[in-house]
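Okay, thanks for coming, everyone. I'll walk you through one structure today, and please stop me if something is unclear.

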Amino acid sequence: MIPLYALVLIGVAVGALTGITGSSGVLIVVPALSYLGLSFKDSIGSSLLVDVITTTSVIYVYFTHRNVDVKKAVLIGLGAVLGAQVGSAIAFRAPVRALEIAFSTFTAYMAYVSFRRSKSPSLKVRSLGLGRAAYVLAPALSFVVGLVTGTLGASGGIMFIAIMMLLYSMEVKRMIGTATLAMFMSAASGAEAYIADGMSDVMASVIIGAVAMLSGIYFARLANRMRSSTIYKFLGSVFVLTTISELVKII
C-alpha cells in the first residue's frame, strides 16, 4: 500500500505541472510511483489515468479564459488516440530497461528544448503557412505523439504544443490550453489500453488525479497571469529533475 500522504503530495505536484505548462503528469507520476513500489509499466498506466482526471479541471480554466481552440485540439487529438493504442501494444512487449532509457532520453531532450524556448518565448510563433494541408498533417504528426503516449505514458502536452508551433500561429497560453484538450484524448486512449491489460493502480490514480484537479485549477489560473519565459523555465527545470531521478535509478 502506498501511503495516502504520498499520493496527495504527488497530486499537488501534478496539478502544478499540468496547470502551468499543459504537460503530462508522467514526469512526476512515473518516477514517484516507481520509487514507491509499482512496476514501471504499472506506473505508466497509472500516469495516463491521472492525466485523464487532471486535465478536466485545467481545460475548464483555460476554456474560461478563452485559451482553447476546440477544433484544432480535436483534429490533433484524433491521430493520437489511434497512436496510443498501437504504442501500448508495443510497450506491453518491450523490455522495461529499454522503456526507462527511452523515457530518460526523452525528458533530457525536452529540457533542452524548454530552456532554449525560454530565451525567445515570443507570443506569436510563425507557422509554416501550410493552409489546408495542415488539416492532414496535424493528425499524422499526432499519431506519432500517440505512440509515445502508449509506450512511455507521456500524454503529449508539450509535443502537441510543438505540432501547433509548426502548423499554426498561436499565443503560448492558447497553445497550452489547446494542447491540454488534445492530451485528454490521447491519455484516455492509452489509459483504456493499460487498464484493460491490468497494468494500472486505479485507486492510486484516482486519489492523485482528484488532488491534481484541485491544485490544477489554482495553478492554471496562475499560469494565465505568468510570463511565457517563466513557464518555459519552470517546465525545463521539471524535465531536468526527472531526467536525473531516472538516470540514478537506471545506474
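**Helices packing on helices**

Let me jump straight in: α2 and α3 cross in a right-handed way. Keep in mind that what you have on the screen is a predicted model.

So, which residues bring α2 and α3 together? On the α2 side we have Val26, Val29, Val30, Leu33 and Ser34, and on the α3 side they meet Phe40, Ser43, Ile44, Ser46, Ser47, Val50 and Asp51. Sort the residues of that contact by class and you get seven nonpolar, four polar and one charged. As for the geometry, α2 covers residues 26-35 and α3 covers residues 40-64, and the two pack at an angle of about 140° with their axes 8 Å apart. That angle is why α2 counts as oblique to α3.

If you like helical wheels, here's the usual reminder: an α-helix has 3.6 residues a turn, so residues three or four places apart point the same way. Have that in mind when you look at Val26, Val29, Val30 and Leu33, which are among the α2 residues that touch α3.

Is α2 mostly covered or mostly open? Mostly covered, with eight of its ten residues buried. The buried ones are Val26, Leu27, Val29, Val30, Pro31, Ala32, Leu33 and Ser34. Then, just after α2, you run into Gly37, which has a positive phi of about 120°.

Let me zoom out for a second. The protein has ten helices and zero strands, so to speak one α after another along the sequence: α-α-α-α-α-α-α-α-α-α. There are 251 residues, and 58% of them count as buried. The accessible surface comes to about 10,700 Å², and carbon and sulfur atoms make up 70% of that. Now the contacts: take those between residues at least 6 apart in sequence, and 85% of them join residues at least 24 apart.

Back to the helix pairs. As a general point, two packed helices are described by the angle between their axes and the distance between the axes.

α3 has another partner, α8, which runs over residues 172-196. Those two pack at an angle of about 145°, and their axes are 8 Å apart. What about the hand of that crossing? α3 passes α8 in a left-handed crossing, whereas the crossing of α2 and α3 is right-handed. By class, the α3 and α8 contact has 16 nonpolar, six polar and three charged residues.

The next pair is α1 with α9, where α9 is residues 202-223. Their axes come within 6 Å and cross at roughly 35°, and this crossing is right-handed. From α1, the residues involved include Leu4, Leu7, Val8, Gly11, Gly15 and Gly19. From α9, they include Ala204, Ile207, Ile208, Val211, Ala212 and Gly216. How does that contact divide by class? It has 16 nonpolar, five polar and no charged residues.

Now a few single residues that you may want to click on.

Start with Pro3, in the segment before α1. Its relative accessible area is 34%, so Pro3 is partly exposed. Pro3 and Leu36 are 33 residues apart in sequence, with their C-alpha atoms 9.0 Å apart in space.

Next is Lys41, which sits in helix α3. Buried or exposed? Lys41 has 13% relative accessibility, so it counts as buried. The C-alpha atoms of Lys41 and Glu100 are separated by 9.8 Å, and these two residues are 59 apart along the chain.

Then there's Arg66, in the loop between α3 and α4. Arg66 has a phi near 60°, a positive value in a residue other than glycine. With 73% relative accessibility, Arg66 counts as exposed.

Last one: Leu166, in helix α7, which is residues 157-167. Leu166 counts as partly exposed because its relative accessibility is 34%. Leu166 and Ala138 are 28 residues apart in sequence, and their C-alpha atoms are 9.5 Å apart in space.

That's my tour, so over to you for questions.

How values were computed
Residues are numbered from 1 along each chain as its sequence is written. This is a predicted model: local features need pLDDT of at least 70, side-chain atom pairs count only at pLDDT 80 or more; totals for chains, interfaces and linings use all residues. Side-chain values use heavy atoms; hydrogens and water are left out. Helices (H or I, at least four residues) and strands (E, at least two) are DSSP runs, numbered from the N terminus. Buried means under 20% relative accessible area, exposed over 50%, partly exposed in between (1.4 Å probe, protein chains only). Contact means heavy atoms within 4.5 Å. Accessible areas come from the Shrake-Rupley method with a 1.4 Å probe; for residues, only the protein chains shown count as cover. Axes are lines fitted to C-alpha atoms, for helices over the stretch in contact, and angles run from 0 to 180 degrees between N-to-C directions. Angles under 35 degrees count as roughly parallel, over 145 as roughly antiparallel, 65 to 115 as roughly perpendicular and the rest as oblique. A crossing is left-handed if the near helix is turned anticlockwise from the far one by less than a right angle, and right-handed if clockwise. Ala, Val, Leu, Ile, Met, Phe, Trp, Tyr, Cys and Pro count as nonpolar, Asp, Glu, Lys and Arg as charged, and the others, Gly among them, as polar.
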